[in-house]
Protein chains: 2
Amino acid sequence: MSKTPQKNTRKQRHAATIHDVAERAGVSPMTVSRVVNGGKNVRESTRAAVMAAVGDLHYAPNTAARSLAGAEGARVGLLYSNPSVSFMSEVLIGALDESSRQGALLVLEKCAIGDAAGELAAARKLTAGGVTGVILPSPLCEHPAIVAEFTQAGVPIVAIAAGFANGEMSCVRIDDFKAARDMTRYLLSLGHRRIGFIKGQQGTTSSNERQRGFEAALREAGIGEAPMAQGCFNYRSGLEAAEKLLAQRPAPTAIFASNDDMAAATVSVAHRMGLDVPGDLSVVGFDDTAIAATIWPELTTIRQPITDMARVAIDLVLASIRAREAGGEAGPVDHLVLHSLIERQSAAPPAMIA
Amino acid sequence: MSKTPQKNTRKQRHAATIHDVAERAGVSPMTVSRVVNGGKNVRESTRAAVMAAVGDLHYAPNTAARSLAGAEGARVGLLYSNPSVSFMSEVLIGALDESSRQGALLVLEKCAIGDAAGELAAARKLTAGGVTGVILPSPLCEHPAIVAEFTQAGVPIVAIAAGFANGEMSCVRIDDFKAARDMTRYLLSLGHRRIGFIKGQQGTTSSNERQRGFEAALREAGIGEAPMAQGCFNYRSGLEAAEKLLAQRPAPTAIFASNDDMAAATVSVAHRMGLDVPGDLSVVGFDDTAIAATIWPELTTIRQPITDMARVAIDLVLASIRAREAGGEAGPVDHLVLHSLIERQSAAPPAMIA
DNA sequence: GAATTGTGAGCGCTCACAATT
DNA sequence: GAATTGTGAGCGCTCACAATT
């Protein structure tokens, strides 16, 4: 490796620069810049050579230099209305961190829950503000009017925790079906046979998937019918749903709520009825939000790596933005990440049948 | 205003640069750089002239250029063990956002709650990692060993939500005393006279301040004694404390818990005893964390603007770092921010005495 | 000699445009 | 002429060092 002797006026830098890559690939720095930014008019062989050099040298563009040189920093919008503060916190942390690492500007826009007009107005504010890409956490990504607002403006969308992938937008999610099936299998393995289920918001894909996963696990175990109650992902709906389920006879020995807020409400109802959790009733949730580890007993639940998912979403939207600016256009990506089952204190084998 | 004709090869920039400031102040750009970064060897008259020009032009350094040019980016450590996920989420959001805006690197280090050895190890990891400043959220800022680790390494500290200001470190906080007094006055204004109090973690300043505020308001109202129970800021301790308070006769008509987790636990105990909240018992919390708006009824509580506080903390620590690097040294700052009382559904006038 | 100020180059990238295929 | 590649300058700052008081 011959290095041109470096003047001692500056401290040594260690990371590879665009010049190193250019030299190795036998092209000019500008060509490297084009390839790295997804430029269109580059011969395929040139692109391959540059990408190889990039890989060899572990080249990563210096974001400070990039923005100084006048590259339009990407403006990524994050529209949020998700009722769960801790879900959103995790999204914000991942998105904020990754976009600062990537030198992109994250524009936050909050809107009230379930206020269709307000949501659309917030979306318009983002497009009017000139965002070049947008992240849509569940459940916003399922609202056709919002999606239309962005697609019509030519703004690429990445959905977080959508529960589904359609052809319209990229999405980063866990497999809700499998996660719910895993949790149900876990309850079955503990010995439960009468398991109640609290459904989530009607009409959202992730709710449906969770329910499908629950039912699939029951079917595997040869159990046909199960007590179910409709909820809508908030604590109060969990209170009512739990009361209904616990009024049934024979009473369930376990309740699987579609999210943690409703599971926490179920624990509260059980306590009110003098039931010990998990002695008399096992309760499990979904999401692993803050409340899961706050209440007592702490909730056994499914965890989504939300912070990481938000990071991935930023990377996807940035790639999309760059590709669009350079004239390219990649199809939507369905990025699945792994969930995990967090065992805490709210589930145990059922009590001996009296 | 005569402007040198600008070549059309680049898009027009609008923000003032260091050159504009230099020209206006009649010095070289390097001198401006020195002043802006808190350099030592600058004549007072020069500094004043530069600062005036900075003010006139609303100059703010371009962080991209700064880091490209090789300025050592500040490395700010954030050590956290705070049991409240949502408290920490807010801290993280503010700190992450502000440090990216300021071009500083935020290094996160998590440690287990109450594990003194682990906490110290995490602090050592930060100093060994070369952080040049550190943010310490409550309650870490009250641990002498941790504080010593940083002060001995010459690393400036900014405490968040410390509940007190001593001469050792800067701190950003609300006035816990006044906030607790406000909340107690609110309960009194509703007509409550038998108000129970759940204390926070023993030995922490913010707990003590909250208790003092509570007692001060009671004294104002001519109420001498009040039922109190010790808690330690978690849900479980709230359960036990609430049981004790509600067993007393005459029973309190309101309970003020030193944080939201314990207030939520109190609501749960009340429900278990068949008490309606707020019909039979008012319950209020402190902090306005996620759980406050999750459970039903939603908690009336005190809100600290934690995200903003974290931003301020970053700014303070950055100023401290720059000053130290440039040979200057400012004394610690006590930055008070305003709290607010959030009225929700968990408090109401007491029922008519039977 | 110490304190204060300035000079010239360079950080790593992308811009507008020119030159080549 | 269209597609592809390269050239030279410049973004706004701070570095090391030199020059001045």
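Strand 3 of chain A, residues 133-137, is a good place to start in this predicted model. Five of its five residues are buried, so the strand is largely enclosed by the rest of the structure. Here, buried means under 20% relative accessible area.

Now look at the two sides of this strand. In a regular strand the side chains alternate between the two faces of the sheet. On one side of strand 3 of chain A you find A:Gly133, A:Ile135 and A:Pro137, and on the other A:Val134 and A:Leu136; with all of them buried, both faces are covered.

Strand 3 of chain A also has neighbours to pair with. Strand 1 of chain A, residues 75-80, joins strand 3 in the parallel sense over three bridges, and A:Leu78 has A:Ile135 as its bridge partner there. Strand 4 of chain A, residues 157-160, pairs with strand 3 in the parallel sense too, over four bridges. In strand 4, A:Val158 is the bridge partner of A:Ile135.

Let us step back to the whole chain. Chain A holds 13 helices and 12 strands, and its C-alpha atoms fill a box of roughly 85 × 50 × 35 Å along the principal axes. Of its 354 residues, 51% count as buried. Among contacts between residues at least 6 apart in the sequence of chain A, 73% join residues at least 24 apart.

Finally, meet chain B. A turn of 180 degrees and a shift of 0.1 Å along the axis lay chain B on chain A with an RMSD of 0.2 Å. That is the relation of a two-fold axis. Of the interface residues of chain B, 100% are also interface residues in chain A, so the copies meet through the same surface.

How values were computed:
Residues numbered from 1 in each chain as written. Chains lettered and ligands numbered in written order. Predicted model: local features only at pLDDT ≥ 70, side-chain atom pairs only at ≥ 80, totals over all residues. Heavy atoms only, no water. Least-squares fit on C-alpha atoms with pLDDT ≥ 70 in both. Contact = heavy atoms within 4.5 Å. Helix = DSSP H or I, 4+ residues; strand = E, 2+ residues; numbered from the N terminus. Buried < 20%, exposed > 50% of the residue type's maximum accessible area, 1.4 Å probe, protein only. Pairing = 2+ DSSP bridges.
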